Amino acid sequence: MNSQTREEESSKEELDKDKDKDKETAEESESKRLLSSQSPSSSSSDDENEVAFESREKIVIVDFDSPESIQNVDFVPPFSWKKLWLFTGPGFLMSIAFLDPGNLEGDLQSGAIAGYSLLWLLMWATVMGLLIQLLSARVGVATGRHLAELCREEYPTWARFVLWFMAELALIGADIQEVIGSAIAIQILSNGALPLWAGVLITASDCFVFLFLENYGVRKLEAVFAVLIATMALSFAWMFGDTKPSGKELLIGILVPRLGSKTIRQAVGVVGCVIMPHNVFLHSALVQSRNIDPKRRGRVQEAINYYSIESSVALLISFMINLFVTTIFAKGFYGTKQANNIGLVNAGQYLEEKYGGGVFPILYIWGIGLLAAGQSSTITGTYAGQFIMGGFLNLRLKKWLRALITRSFAIVPTIIVALVFNTSEASLDILNEWLNVLQSIQIPFALIPLLTLVAKEQVMGVFRIGPFLERLAWTVAALVIIINGYLLLDFFVSEVKGLLFGLFICTWTAAYIAFIVYLVLHGGAVPSTWFSIELSKRFSVTGS
């Protein structure tokens with residue numbers, strides 16, 4: 001019996017050992033599978049699909065203060081200044097679109113024609129822009145994909161191609177303004193020795209500078225943009241100090257809403273300049289430069305929190321720079337004969353005539369600030385072009401080729417513009433108005449997909465926005481679209497001449513509105529809570 005018992009025990013031990021070995025083997029294979037799903041598969045998916053940043057390019061966020069987050073996927077680590085520094089960057093790149101030459105021209109015209117009276121609108125327009133950009137960042141962080149990629153999956157092929165075409169048009173329009181702005185700055189700083197077309201060619205080389213910097217990592221590129229933003233801030237702050245605008249008028253302009261019939265066009269321009277269609281696509285891609293695990297909800301929420309702080313600070317700085325430019329021209333030219341004629345081309349000349357030279361002539365300080373604005377915005381335009389083309393078309397191209405293609409889309413028409421309009425300030429002003437119209441037309445095709453996707457539980461999961469924020473976002477979007485619609489109507493009424501051209505515009509407008517309606521209806525985009533509240537009111541009335 002004893003020998004039989006020993007044999008049974010030994011056989012049981014052998015079976016247990018075999019089970020343990022099988023268990024270890026299973027656990028080992030499972031861990032290998034999980035590891036491969038986190039790194040190699042991401043690289044294989046990178047090979048198959050276009051992505052904003054390769055896995056090796058992303059910045060690793062070191063967990064300084066939260067050992068608990070290792071066990072709990074929902075745990076949000078406490079605030080850390082070190083982590084905020086690691087997340088700082090994408091918001092400042094995004095903010096450059098609020099400081100491009102087109103915006104600066106809107107600022108100077110607003111100041112010259114409306115004085116200090118539209119500063120309150122500039123502030124609230126920046127707040128509206130911040131809301132849209134925070135939603136864009138939220139989409140990028142929560143899904144791990146940027147807006148162009150999500151549009152590719154959300155819409156049928158024909159709608160996707162229309163959205164891509166519209167985004168490219170908006171980008172080309174913005175890029176022409178940015179490149180022309182840089183060329184004007186180069187012309188100022190060279191004392192007129194370099195013509196406009198030469199400045200365009202010099203600015204075109206920025207894509208190669210961009211590629212050179214990108215090879216050294218995302219943080220190096222972000223540092224260059226920080227220097228350019230600091231250059232703008234110092235230049236325009238210096239001018240602000242030189243011109244000494246009225247502090248009392250400035251404060252009243254910010255705190256007291258005023259809007260007159262003579263300043264309505266400038267007011268529309270102030271709001272219209274805030275939402276840049278390509279910038280909505282850009283920000284959703286830039287936030288993916290940090291390595292965030294989308295499966296850990298606490299880490300995703302933490303990233304959203306830090307990006308919200310960083311973007312708010314970046315847009316506060318951009319608001320201050322826009323404020324400087326507006327008040328400089330309000331002080332110098334409001335109520336003068338030059339007010340209605342001032343633009344980006346002749347602004348430097350008018351400043352020199354008004355304030356003269358000195359140790360640091362104001363003309364050259366203006367030129368330095370304008371050059372920093374133009375160069376930074378053209379590089380971010382190249383960046384946005386890569387994400388838009390890659391996301392919508394799922395193209396796998398080498399970076400230098402992709403940058404060359406996206407840069408050529410803007411540079412070729414810009415060179416033609418520079419050659420044709422080189423000697424005519426009035427023609428450049430007319431061109432600028434048409435480019436503003438071109439970008440205004442594209443705004444719904446960035447905002448509607450963004451607001452549709454950010455409210456979808458199938459896309460965002462637990463990070464979809466709530467009913468209040470959804471209604472607020474749609475209200476802001478509707479306001480921006482209506483204001484830009486007014487700008488378009490005013491422009492076409494004054495510019496459209498002839499029956500044939502008028503018929504073409506009417507046909508095109510009908511197709512345009514039909515596509516907007518399609519986008520709204522496709523994803524059930526309008527907040528359902530609006531309808532549910534209205535229906536509940538009606539039923540309660542009939543019931544009583």
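**Exercise 1: D107**

Work out whether D107 counts as buried or exposed, and what it touches.

*Solution.* Start with accessibility: D107 has 6% relative accessibility, so it counts as buried. Here buried means under 20% relative accessible area, exposed means over 50%, and partly exposed lies in between (1.4 Å probe, protein chains only). Next, place the residue: D107 belongs to helix α6, residues 101–114. Helices (H or I, at least four residues) and strands (E, at least two) are DSSP runs, numbered from the N terminus. Finally, look for partners. Ignoring neighbours within four places in sequence, D107 contacts L122, N322, V325 and T326, a contact being heavy atoms within 4.5 Å.

A word on ground rules before going on. This is a predicted model, where local features need pLDDT of at least 70, side-chain atom pairs count only at pLDDT 80 or more, and totals for chains, interfaces and linings use all residues. Residues are numbered from 1 along each chain as its sequence is written, and side-chain values use heavy atoms, with hydrogens and water left out.

**Exercise 2: Confidence and overall make-up**

Find the average pLDDT of the protein and the stretches where pLDDT is below 50.

*Solution.* pLDDT is the predictor's confidence in each residue, from 0 to 100. The protein averages 79, and 80% of its residues score at least 70. Now for the weak spots: residues 23–47 fall below 50, and that stretch has nine contacts in the model beyond near neighbours in sequence. Residues 528–536 also stay under 50, with seven contacts beyond four places in sequence.

With that in mind, take stock of the fold. The secondary structure comes to 25 helices and two strands, and 51% of the 544 residues count as buried. Among contacts with a separation of 6 or more, 83% join residues 24 or more positions apart.

**Exercise 3: Following F445**

Which residues does F445 touch, and which aromatic pair and core does it belong to?

*Solution.* First, the rings. Rings of Phe, Tyr and Trp (its six-membered ring) pair if their centres lie within 6.5 Å; planes under 30 degrees apart count as stacked, over 60 as edge-to-face and the rest as tilted. That rule gives 17 aromatic pairs. One of them is F445 with F515, a tilted pair at 5.4 Å centre to centre and 50° between the planes. F445 sits in helix α21 (residues 444–454) and F515 in helix α24 (residues 499–522), so this pair joins distant parts of the chain, 70 residues apart. Both F445 and F515 are buried. Ring pairs also tie W158, F445, W508, Y512, F515 and Y518 into a cluster.

Second, the contacts. Leaving out residues up to four places away in sequence, F445 touches L163, M166, F281, Y512, F515, I516 and L519.

Third, the core. A nonpolar core is a set of buried Ala, Val, Leu, Ile, Met, Phe, Trp, Tyr and Cys residues joined through side-chain atoms within 4.5 Å. The largest one has 88 residues, and V141, F281, F392 and F445 have the most contacts inside it. Helix α7 (residues 119–143) is its top contributor, giving 14 residues. A second, separate core of 59 residues includes A204, L370, Y383 and L431.

**Exercise 4: L450**

Is L450 buried or exposed, and which residues does it touch?

*Solution.* L450 lies in helix α21. Its relative accessibility is 0%, so L450 counts as buried. Its contacts, not counting residues up to four places away, are I132, L135, S136, V139, L147 and V280. Take I132: it is 318 residues from L450 in sequence, but the C-alpha atoms are 8.6 Å apart in space.

**Exercise 5: Positive phi**

Where do N191 and K244 lie, and are they buried or exposed?

*Solution.* Keep the background in mind: most residues other than glycine have a negative phi. N191 goes against that sign, with phi near 60°. N191 is in the loop between α9 (157–189) and α10 (196–204), and at 61% relative accessibility it counts as exposed. K244 also has a positive phi, about 50°. K244 is in the loop between α12 (218–243) and α13 (247–255); its relative accessibility is 60%, so K244 is exposed.
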